[in-house]
Amino acid sequence: MSSVIGNKIKLSIFGESHGEAIGCVIDGLPNGIKLDFDEINREMARRAPGNDKTATTRKESDAPHILSGVLNGVTTGAPLAMEIKNTNTRIGDYGNLMLVPRPSHSDYPAYVKYNGNNDVRGGGHFSGRLTAPIVFAGAVAKQILKAKGITIGAHISRIGSACDHCFDKNNIRAAELDAVAHKQFAVINDESEAEMRACVEAARINGDSIGGIVECAAVGLPVGLGGNMFDTIESRLSAALFGIPAVKGVQFGAGFDFAEMLGSEANDGYEIKNGEVALLSNHNGGVLGGMSSGAPLVFSVVLKPTPSISVPQKSVNLQTMENETLVVKGRHDPCVVPRAVPVVEGITAVTLLDLMM
(Lines give C-alpha, C1' and ligand atoms only; values in the text may rest on other atoms or scores of the structure.)
Protein backbone atom coordinates (compact mmCIF):
# COMPACT_ATOMS: atom_id res chain seq x y z
CA MET A 1 0.00 0.00 0.00
CA SER A 2 1.42 3.38 -0.99
CA SER A 3 -0.11 6.75 -0.17
CA VAL A 4 2.54 9.03 -1.68
CA ILE A 5 2.08 11.51 -4.53
CA GLY A 6 4.25 14.17 -6.17
CA ASN A 7 7.59 14.63 -7.90
CA LYS A 8 9.37 17.69 -6.48
CA ILE A 9 6.87 18.14 -3.66
CA LYS A 10 6.07 14.71 -2.22
CA LEU A 11 3.05 14.23 0.02
CA SER A 12 2.78 11.06 2.11
CA ILE A 13 -0.38 10.32 4.12
CA PHE A 14 -0.42 7.95 7.11
CA GLY A 15 -2.86 6.66 9.73
CA GLU A 16 -6.31 5.09 9.99
CA SER A 17 -9.73 6.51 10.79
CA HIS A 18 -9.90 4.89 14.24
CA GLY A 19 -6.19 4.44 14.88
CA GLU A 20 -4.15 6.55 17.29
CA ALA A 21 -3.48 9.34 14.81
CA ILE A 22 -3.47 10.44 11.19
CA GLY A 23 -1.03 12.77 9.51
CA CYS A 24 1.30 13.53 6.65
CA VAL A 25 4.88 14.22 5.64
CA ILE A 26 5.57 16.90 3.01
CA ASP A 27 8.99 16.57 1.42
CA GLY A 28 10.60 19.16 -0.86
CA LEU A 29 9.17 22.38 0.59
CA PRO A 30 11.42 25.42 0.22
CA ASN A 31 13.00 26.79 3.37
CA GLY A 32 12.28 30.22 4.81
CA ILE A 33 8.51 30.19 4.25
CA LYS A 34 6.71 31.84 7.17
CA LEU A 35 3.48 29.97 7.73
CA ASP A 36 0.24 31.55 8.93
CA PHE A 37 -1.06 28.93 11.37
CA ASP A 38 -4.26 30.86 12.04
CA GLU A 39 -5.08 30.44 8.35
CA ILE A 40 -4.07 26.77 8.44
CA ASN A 41 -6.37 26.15 11.40
CA ARG A 42 -9.20 27.98 9.62
CA GLU A 43 -8.77 25.66 6.64
CA MET A 44 -8.77 22.61 8.91
CA ALA A 45 -12.01 23.77 10.55
CA ARG A 46 -13.73 23.90 7.14
CA ARG A 47 -13.30 20.13 6.78
CA ALA A 48 -13.51 19.07 10.43
CA PRO A 49 -16.38 16.70 11.34
CA GLY A 50 -19.18 17.38 13.77
CA ASN A 51 -19.69 21.06 12.91
CA ASP A 52 -22.76 20.86 10.69
CA LYS A 53 -25.90 18.73 10.20
CA THR A 54 -24.70 17.80 6.70
CA ALA A 55 -21.72 16.03 8.30
CA THR A 56 -21.06 13.09 10.60
CA THR A 57 -21.75 13.69 14.30
CA ARG A 58 -18.25 12.43 15.14
CA LYS A 59 -16.54 15.40 16.77
CA GLU A 60 -12.82 15.86 16.16
CA SER A 61 -10.86 19.10 16.59
CA ASP A 62 -8.47 18.17 13.75
CA ALA A 63 -5.78 20.26 15.43
CA PRO A 64 -2.49 19.68 13.58
CA HIS A 65 0.63 19.04 15.67
CA ILE A 66 3.91 19.81 13.88
CA LEU A 67 6.59 17.18 14.45
CA SER A 68 9.37 18.54 12.22
CA GLY A 69 10.24 20.91 9.39
CA VAL A 70 9.10 24.16 11.05
CA LEU A 71 11.05 26.31 13.50
CA ASN A 72 9.60 29.51 14.95
CA GLY A 73 6.81 29.33 12.37
CA VAL A 74 9.21 29.16 9.41
CA THR A 75 9.93 26.14 7.19
CA THR A 76 13.44 24.77 7.65
CA GLY A 77 13.72 22.84 4.39
CA ALA A 78 13.52 19.50 6.22
CA PRO A 79 10.48 17.26 5.65
CA LEU A 80 7.44 18.84 7.30
CA ALA A 81 5.78 16.14 9.43
CA MET A 82 2.37 16.65 11.05
CA GLU A 83 -0.02 14.48 13.04
CA ILE A 84 -3.63 14.79 14.18
CA LYS A 85 -4.72 12.71 17.17
CA ASN A 86 -7.94 10.70 16.87
CA THR A 87 -9.87 11.43 20.06
CA ASN A 88 -13.45 10.30 19.36
CA THR A 89 -13.47 6.70 18.14
CA ARG A 90 -16.04 3.91 18.48
CA ILE A 91 -14.28 0.73 17.49
CA GLY A 92 -17.27 -1.44 18.45
CA ASP A 93 -19.41 0.04 15.69
CA TYR A 94 -17.44 -1.87 13.05
CA GLY A 95 -17.20 -5.40 14.44
CA ASN A 96 -19.52 -6.91 11.83
CA LEU A 97 -17.82 -5.40 8.78
CA MET A 98 -14.78 -7.68 8.65
CA LEU A 99 -16.93 -10.54 7.40
CA VAL A 100 -19.90 -8.65 5.93
CA PRO A 101 -18.56 -5.95 3.55
CA ARG A 102 -20.38 -2.69 2.94
CA PRO A 103 -21.75 -2.31 -0.61
CA SER A 104 -19.84 0.32 -2.65
CA HIS A 105 -17.11 0.53 0.01
CA SER A 106 -13.51 -0.68 -0.06
CA ASP A 107 -14.21 -3.49 2.41
CA TYR A 108 -14.41 -6.45 0.01
CA PRO A 109 -11.57 -5.69 -2.44
CA ALA A 110 -9.34 -4.69 0.51
CA TYR A 111 -10.24 -7.94 2.32
CA VAL A 112 -9.10 -9.93 -0.72
CA LYS A 113 -6.01 -7.83 -1.50
CA TYR A 114 -4.72 -7.73 2.09
CA ASN A 115 -5.82 -11.24 3.13
CA GLY A 116 -8.29 -9.93 5.70
CA ASN A 117 -5.63 -7.87 7.49
CA ASN A 118 -7.14 -4.53 6.44
CA ASP A 119 -8.46 -2.20 9.13
CA VAL A 120 -12.23 -1.85 8.62
CA ARG A 121 -12.82 0.50 11.58
CA GLY A 122 -14.32 3.55 9.95
CA GLY A 123 -12.75 2.41 6.69
CA GLY A 124 -9.22 2.39 8.12
CA HIS A 125 -6.74 3.90 5.68
CA PHE A 126 -9.49 4.07 3.03
CA SER A 127 -11.55 6.48 5.15
CA GLY A 128 -12.48 10.03 4.22
CA ARG A 129 -10.88 10.97 7.55
CA LEU A 130 -7.53 10.68 5.76
CA THR A 131 -8.43 13.83 3.80
CA ALA A 132 -7.68 16.00 6.85
CA PRO A 133 -3.91 15.80 6.20
CA ILE A 134 -4.60 16.73 2.57
CA VAL A 135 -6.29 19.93 3.75
CA PHE A 136 -3.28 20.70 5.96
CA ALA A 137 -0.81 20.15 3.12
CA GLY A 138 -3.04 22.19 0.83
CA ALA A 139 -3.18 25.05 3.32
CA VAL A 140 0.62 25.16 3.34
CA ALA A 141 0.80 24.96 -0.45
CA LYS A 142 -1.84 27.68 -0.85
CA GLN A 143 0.27 30.13 1.13
CA ILE A 144 3.31 29.48 -1.05
CA LEU A 145 1.23 29.78 -4.23
CA LYS A 146 -0.46 32.96 -2.97
CA ALA A 147 2.96 34.60 -2.74
CA LYS A 148 3.39 33.72 -6.42
CA GLY A 149 0.07 35.36 -7.33
CA ILE A 150 -1.91 32.10 -7.62
CA THR A 151 -5.29 31.74 -5.90
CA ILE A 152 -7.43 28.60 -5.61
CA GLY A 153 -11.07 28.34 -4.62
CA ALA A 154 -13.98 25.91 -4.94
CA HIS A 155 -17.69 25.77 -4.27
CA ILE A 156 -20.54 23.27 -4.04
CA SER A 157 -21.89 23.19 -7.57
CA ARG A 158 -24.63 20.64 -6.90
CA ILE A 159 -26.14 18.39 -4.26
CA GLY A 160 -28.83 16.07 -5.58
CA SER A 161 -31.19 18.19 -7.66
CA ALA A 162 -30.13 21.48 -6.02
CA CYS A 163 -27.63 23.59 -8.00
CA ASP A 164 -25.49 26.64 -7.35
CA HIS A 165 -24.38 29.23 -9.91
CA CYS A 166 -21.28 28.18 -11.86
CA PHE A 167 -18.06 30.16 -12.18
CA ASP A 168 -17.86 32.43 -15.20
CA LYS A 169 -15.06 30.31 -16.64
CA ASN A 170 -13.27 33.12 -18.48
CA ASN A 171 -13.81 35.84 -15.93
CA ILE A 172 -12.83 34.60 -12.47
CA ARG A 173 -11.13 36.90 -9.98
CA ALA A 174 -8.98 35.99 -6.99
CA ALA A 175 -11.29 37.94 -4.69
CA GLU A 176 -14.22 35.79 -5.81
CA LEU A 177 -12.34 32.60 -5.01
CA ASP A 178 -11.22 33.93 -1.63
CA ALA A 179 -14.78 34.96 -0.78
CA VAL A 180 -16.36 31.56 -1.48
CA ALA A 181 -13.46 29.76 0.25
CA HIS A 182 -14.23 31.69 3.45
CA LYS A 183 -17.83 30.45 3.62
CA GLN A 184 -18.59 27.51 5.91
CA PHE A 185 -21.17 26.35 3.35
CA ALA A 186 -19.33 27.18 0.15
CA VAL A 187 -21.83 28.35 -2.47
CA ILE A 188 -21.66 31.33 -4.81
CA ASN A 189 -25.39 32.04 -4.61
CA ASP A 190 -26.39 32.00 -0.94
CA GLU A 191 -30.00 31.29 -1.88
CA SER A 192 -29.03 27.81 -3.10
CA GLU A 193 -27.87 26.77 0.37
CA ALA A 194 -31.34 26.11 1.78
CA GLU A 195 -32.33 23.83 -1.10
CA MET A 196 -29.06 21.90 -0.87
CA ARG A 197 -29.46 21.48 2.89
CA ALA A 198 -33.01 20.22 2.36
CA CYS A 199 -31.71 17.52 -0.01
CA VAL A 200 -29.13 16.39 2.55
CA GLU A 201 -31.63 16.45 5.42
CA ALA A 202 -34.16 14.36 3.50
CA ALA A 203 -31.48 11.72 2.90
CA ARG A 204 -30.30 11.84 6.52
CA ILE A 205 -33.77 11.40 7.99
CA ASN A 206 -34.28 8.33 5.81
CA GLY A 207 -30.96 6.84 6.91
CA ASP A 208 -29.61 7.42 3.42
CA SER A 209 -26.96 9.61 1.77
CA ILE A 210 -26.65 11.83 -1.30
CA GLY A 211 -23.90 12.90 -3.70
CA GLY A 212 -22.98 16.05 -5.58
CA ILE A 213 -20.43 18.09 -7.52
CA VAL A 214 -17.63 20.47 -6.51
CA GLU A 215 -16.36 23.06 -9.00
CA CYS A 216 -12.82 24.35 -8.47
CA ALA A 217 -10.79 27.11 -10.10
CA ALA A 218 -7.28 28.56 -9.96
CA VAL A 219 -6.20 31.96 -11.29
CA GLY A 220 -2.77 33.51 -11.77
CA LEU A 221 -1.10 30.47 -13.31
CA PRO A 222 1.67 31.22 -15.81
CA VAL A 223 1.12 30.12 -19.43
CA GLY A 224 2.74 26.79 -20.30
CA LEU A 225 2.58 25.07 -16.92
CA GLY A 226 2.28 21.31 -17.40
CA GLY A 227 3.21 19.20 -20.41
CA ASN A 228 1.95 16.85 -23.06
CA MET A 229 1.05 13.16 -23.15
CA PHE A 230 1.33 11.79 -19.60
CA ASP A 231 2.48 14.91 -17.77
CA THR A 232 -0.49 17.16 -18.46
CA ILE A 233 -2.17 19.37 -15.90
CA GLU A 234 -5.31 17.28 -16.41
CA SER A 235 -3.57 13.94 -15.83
CA ARG A 236 -1.59 15.12 -12.80
CA LEU A 237 -4.60 16.75 -11.19
CA SER A 238 -6.94 13.88 -12.00
CA ALA A 239 -4.56 11.33 -10.44
CA ALA A 240 -4.49 13.40 -7.25
CA LEU A 241 -8.23 14.15 -7.20
CA PHE A 242 -9.12 10.46 -7.56
CA GLY A 243 -7.18 9.93 -4.33
CA ILE A 244 -10.08 11.62 -2.53
CA PRO A 245 -12.54 8.92 -1.37
CA ALA A 246 -15.94 9.19 -3.13
CA VAL A 247 -14.59 11.03 -6.21
CA LYS A 248 -15.89 9.16 -9.28
CA GLY A 249 -15.43 11.67 -12.09
CA VAL A 250 -13.38 14.70 -13.13
CA GLN A 251 -14.03 17.06 -16.03
CA PHE A 252 -12.18 20.17 -17.21
CA GLY A 253 -13.99 23.18 -18.67
CA ALA A 254 -17.05 22.14 -20.63
CA GLY A 255 -16.12 18.49 -20.08
CA PHE A 256 -18.75 16.06 -21.31
CA ASP A 257 -20.73 18.97 -22.79
CA PHE A 258 -18.16 18.98 -25.61
CA ALA A 259 -20.05 15.98 -27.00
CA GLU A 260 -22.90 18.29 -28.02
CA MET A 261 -20.74 21.07 -29.48
CA LEU A 262 -19.41 21.91 -32.93
CA GLY A 263 -15.79 22.94 -33.26
CA SER A 264 -16.90 26.47 -34.04
CA GLU A 265 -18.72 26.54 -30.69
CA ALA A 266 -16.08 24.77 -28.62
CA ASN A 267 -12.93 26.56 -29.79
CA ASP A 268 -11.59 29.35 -27.59
CA GLY A 269 -10.57 32.28 -29.81
CA TYR A 270 -7.80 34.75 -29.06
CA GLU A 271 -7.59 38.54 -28.79
CA ILE A 272 -5.07 41.17 -27.76
CA LYS A 273 -6.22 42.67 -24.46
CA ASN A 274 -4.21 45.32 -22.60
CA GLY A 275 -1.24 44.48 -24.80
CA GLU A 276 -1.32 40.74 -24.01
CA VAL A 277 -2.75 37.60 -25.61
CA ALA A 278 -6.09 36.67 -24.03
CA LEU A 279 -8.82 34.11 -24.69
CA LEU A 280 -12.31 35.10 -25.81
CA SER A 281 -13.85 32.09 -24.04
CA ASN A 282 -12.69 29.26 -21.82
CA HIS A 283 -14.53 26.08 -22.78
CA ASN A 284 -11.28 24.14 -22.32
CA GLY A 285 -10.99 25.08 -18.67
CA GLY A 286 -7.64 26.83 -18.95
CA VAL A 287 -5.75 23.85 -20.37
CA LEU A 288 -4.62 23.33 -24.00
CA GLY A 289 -2.30 20.52 -25.02
CA GLY A 290 -1.95 19.61 -21.37
CA MET A 291 -0.55 23.08 -20.53
CA SER A 292 -2.03 26.14 -18.86
CA SER A 293 -3.42 28.55 -21.46
CA GLY A 294 -3.51 31.76 -19.44
CA ALA A 295 -7.25 31.48 -18.81
CA PRO A 296 -8.49 30.39 -15.36
CA LEU A 297 -8.03 26.70 -14.61
CA VAL A 298 -11.56 25.34 -14.08
CA PHE A 299 -12.66 21.77 -13.40
CA SER A 300 -15.39 19.84 -11.59
CA VAL A 301 -15.42 16.61 -9.58
CA VAL A 302 -18.42 14.42 -8.84
CA LEU A 303 -18.63 12.67 -5.46
CA LYS A 304 -20.83 9.64 -4.94
CA PRO A 305 -23.19 9.24 -1.96
CA THR A 306 -21.57 7.94 1.24
CA PRO A 307 -21.63 4.11 1.08
CA SER A 308 -22.15 3.76 4.85
CA ILE A 309 -25.90 4.17 5.32
CA SER A 310 -28.29 2.77 7.94
CA VAL A 311 -30.77 1.51 5.35
CA PRO A 312 -30.57 -2.34 5.25
CA GLN A 313 -28.46 -3.47 2.28
CA LYS A 314 -27.80 -6.75 0.53
CA SER A 315 -24.36 -8.19 1.22
CA VAL A 316 -22.64 -11.52 1.87
CA ASN A 317 -20.92 -13.23 4.79
CA LEU A 318 -17.34 -13.94 3.69
CA GLN A 319 -16.97 -16.72 6.26
CA THR A 320 -20.15 -18.68 5.64
CA MET A 321 -20.34 -17.62 1.97
CA GLU A 322 -24.05 -16.99 2.33
CA ASN A 323 -26.17 -13.96 1.52
CA GLU A 324 -26.72 -11.61 4.44
CA THR A 325 -28.53 -8.34 5.13
CA LEU A 326 -26.22 -5.65 6.46
CA VAL A 327 -27.18 -2.77 8.74
CA VAL A 328 -24.26 -0.34 9.12
CA LYS A 329 -23.69 1.19 12.55
CA GLY A 330 -21.51 4.16 13.41
CA ARG A 331 -21.51 7.85 12.49
CA HIS A 332 -21.30 8.81 8.84
CA ASP A 333 -21.79 11.83 6.59
CA PRO A 334 -25.20 11.95 4.88
CA CYS A 335 -23.34 14.02 2.26
CA VAL A 336 -19.58 14.38 1.90
CA VAL A 337 -19.77 17.23 -0.60
CA PRO A 338 -19.65 20.28 1.75
CA ARG A 339 -16.60 18.93 3.59
CA ALA A 340 -14.97 17.87 0.31
CA VAL A 341 -14.65 21.48 -0.90
CA PRO A 342 -11.46 22.31 1.08
CA VAL A 343 -10.09 18.84 0.24
CA VAL A 344 -10.44 19.51 -3.50
CA GLU A 345 -8.80 22.90 -3.03
CA GLY A 346 -6.03 21.33 -0.95
CA ILE A 347 -4.98 18.57 -3.32
CA THR A 348 -5.19 21.06 -6.19
CA ALA A 349 -2.81 23.39 -4.36
CA VAL A 350 -0.33 20.59 -3.62
CA THR A 351 -0.39 19.41 -7.25
CA LEU A 352 0.00 22.89 -8.74
CA LEU A 353 2.86 23.69 -6.36
CA ASP A 354 4.57 20.48 -7.43
CA LEU A 355 4.15 21.49 -11.09
CA MET A 356 5.46 24.99 -10.34
CA MET A 357 8.64 23.55 -8.82
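Two strands are taken to pair if DSSP finds at least two bridges between them. Under this criterion, strand E11 (residues 247-252) and strand E16 pair in the antiparallel sense over five bridges, and within this pairing the bridge partner of Gly249 is Val302 in E16. The analysis concerns a predicted model, and the values reported below are computed from it.

The overall architecture is considered next. The chain contains eight helices and 18 strands. Its C-alpha trace spans about 70 × 50 × 40 Å along the principal axes. For 357 residues, a compact globule would be expected to have a radius of gyration near 21 Å, and the 21 Å of the chain agrees with that expectation. Of the 357 residues in the chain, 50% are buried. Contacts are also distributed over long stretches of sequence: among those between residues at least 6 apart in sequence, 72% join residues at least 24 apart.

The pairing of E11 with E16 belongs to an open sheet of five strands, in the order E9-E8-E10-E16-E11, with antiparallel pairing. The edges of this sheet are formed by strand E9 (162-163) and by E11, each of which pairs on one side only. At the E9 edge, strand E8 (residues 151-159) runs antiparallel to E9 and is joined to it by two bridges; here Arg158 stands opposite Cys163 in E9. Further along the order, E10 and E16 pair in the antiparallel sense over seven bridges, with Ala217 standing opposite Val298 in E16. Strand E16 (residues 297-303) has six of its seven residues buried, so this strand is largely enclosed by the rest of the structure.

A second open sheet was examined. This sheet also consists of five strands, ordered E1-E2-E3-E7-E4, and its pairing is antiparallel. Strand E1 (4-5) and strand E4 (65-68) occupy the edges; each has a single partner strand, so one side of each is left without a neighbour in the sheet. Within the sheet, six bridges connect strand E2 (residues 10-15) and strand E3 (residues 21-27), which pair in the antiparallel sense. One residue pair in this arrangement is Gly15 with its bridge partner Ile22 in E3.

Strand E10 recurs in the description of the second largest pocket, which holds about 540 Å³ of space. The lining of this pocket comprises 20 residues, and those lying nearest its centre are Asn170, Ala278, Gly294, Ala295 and Pro296. By class, the lining residues divide into 10 nonpolar, six polar and four charged. At least two lining residues are supplied by each of strand E10 (212-219), strand E12 (270-273) and strand E13 (276-279). The greatest contribution is that of E13, which gives four residues to the lining.

Two residues other than glycine were noted for positive phi values. For Ser104, phi is near 65°. Ser104 is placed in the loop between strand E7 (80-85) and H2, and its relative accessible area of 55% classes Ser104 as exposed, because the threshold for exposure is over 50%. For Met229, phi is near 55°, likewise a positive value in a residue other than glycine. Met229 lies in the loop between E10 and helix H6 (233-241) and, at 60% relative accessibility, counts as exposed.

Individual helical positions provide further detail. Val112 is located in helix H2 (residues 107-113). With a relative accessibility of 47%, Val112 counts as partly exposed. Val112 and Gly207 are separated by 95 residues in sequence and by 29 Å in space, C-alpha to C-alpha. Gln143, in turn, is found in helix H3 (residues 132-147). Gln143 has a relative accessible area of 18% and is therefore buried, the limit for this class being under 20%. When residues up to four places away in sequence are not counted, Gln143 touches Lys34, Leu35, Asp36, Glu39 and Ile40.

Terms used:
Residues are numbered from 1 along each chain as its sequence is written. This is a predicted model: local features need pLDDT of at least 70, side-chain atom pairs count only at pLDDT 80 or more; totals for chains, interfaces and linings use all residues. Side-chain values use heavy atoms; hydrogens and water are left out. On a 1 Å grid over the protein atoms alone, a cavity is a set of points where a 1.4 Å probe fits but cannot get out, and a pocket is an open set with protein on both sides within 12 Å along at least five of seven lines; lining residues have an atom within 4 Å of a point. Grid points are joined across faces, edges and corners, and a volume is the space filled by probe spheres set on the points. Ala, Val, Leu, Ile, Met, Phe, Trp, Tyr, Cys and Pro count as nonpolar, Asp, Glu, Lys and Arg as charged, and the others, Gly among them, as polar. Buried means under 20% relative accessible area, exposed over 50%, partly exposed in between (1.4 Å probe, protein chains only). Contact means heavy atoms within 4.5 Å. The radius of gyration is taken over C-alpha atoms; the globule rule is 2.2 Å times the number of residues to the power 0.38.
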